[in-house]
Amino acid sequence: MKTKVLATVLISMMVFASVNVFGGKPQRRMTFYIAGGMVKIPVKVEEAPDSLPEAVVVKMLKMEADARCQALTLQFDLSLISKPEKDADDVTIDTRKIFDELRYREFARR
């Protein structure tokens, strides 16, 4: 009994404290489930301002313009992520081996 009374008093204090701190009408309620049921505590939701300060907007536009200019002149070095290709002269194709394999496969099917 003592625990229920203490829990009820504590929850009541939290409800009144949140109402007094935020003042005005709460926008939402947060639900807490307790042994005796559920309690809804009012919560005021913060909203972001609609627009950014002018200095921030100017700085962002300048950074975007700089990024576009750098993208036009940027050169990619693909040698770090790709294997070097073999020269055409270095590649040797052994046609005898290919024909032997084809004949072997043809005899193996029969």
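These are my notebook entries on a predicted model.

**Entry 1. Ground rules.** I work on a predicted model, in which local features need pLDDT of at least 70, side-chain atom pairs count only at pLDDT 80 or more, and totals for chains, interfaces and linings use all residues. Residues are numbered from 1 along each chain as its sequence is written, and side-chain values use heavy atoms, with hydrogens and water left out.

**Entry 2. Elements.** I looked up the secondary structure, taking helices (H or I, at least four residues) and strands (E, at least two) as DSSP runs numbered from the N terminus. The protein has three helices and two strands. Read from the N terminus, their order is α-β-β-α-α.

**Entry 3. Cover and contacts.** I then turned to burial, where buried means under 20% relative accessible area, exposed over 50%, and partly exposed in between (1.4 Å probe, protein chains only). Of the 110 residues, 5% count as buried. The exposed surface comes to about 11,300 Å², of which carbon and sulfur atoms supply 61%; accessible areas come from the Shrake-Rupley method with a 1.4 Å probe, and for residues only the protein chains shown count as cover. I also checked contacts (heavy atoms within 4.5 Å). Among those between residues at least 6 apart in sequence, 17% join residues at least 24 apart.

**Entry 4. The strands.** I examined β1 (residues 28-34) and β2 (residues 37-43), which pair in the antiparallel sense over seven bridges; two strands pair if DSSP finds at least two bridges between them. They form a hairpin with two residues between them. On β2, P42 is the residue that stands opposite R29.

**Entry 5. Helix α2.** I compared the length of α2 with expectation, the expected span being 1.5 Å times one less than the number of residues. For the 20 residues of α2 this gives 28 Å, and the end C-alpha atoms are 30 Å apart, which agrees. I found α2 hardly covered, with a count of zero buried residues among its 20.

**Entry 6. Salt bridges.** I searched for salt bridges, each a side-chain nitrogen of Lys or Arg within 4 Å of a carboxyl oxygen of Asp or Glu. The whole structure yields three.

- K62 bridges to D66, with the closest N and O atoms 3.7 Å apart. Both lie in α2, four residues apart, about one turn of the helix. D66 is partly exposed at 37% relative accessible area.
- R68 bridges to E64, with the closest N and O atoms 3.9 Å apart. This pair too lies in α2, four residues apart, about one helical turn. R68 is exposed at 54%, whereas E64 is partly exposed at 39%.
- R103 bridges to D100, with the closest N and O atoms 2.6 Å apart. Because they are three residues apart in α3, about one helical turn separates them. R103 is partly exposed at 47%, and D100 is partly exposed at 35%.

**Entry 7. A nonpolar patch.** Last, I looked for patches, made of residues with over 30% relative accessible area and no salt bridge, with like charges joined within 9 Å and nonpolar side chains (Val, Leu, Ile, Met, Phe, Trp, Tyr) within 5 Å. L74, F76, L78, L80 and I81 form a nonpolar patch on the surface, with about 660 Å² of accessible area together. Within this group, I placed F76 in the loop between α2 (54-73) and α3 (95-109). F76 is exposed, at a relative accessible area of 69%.
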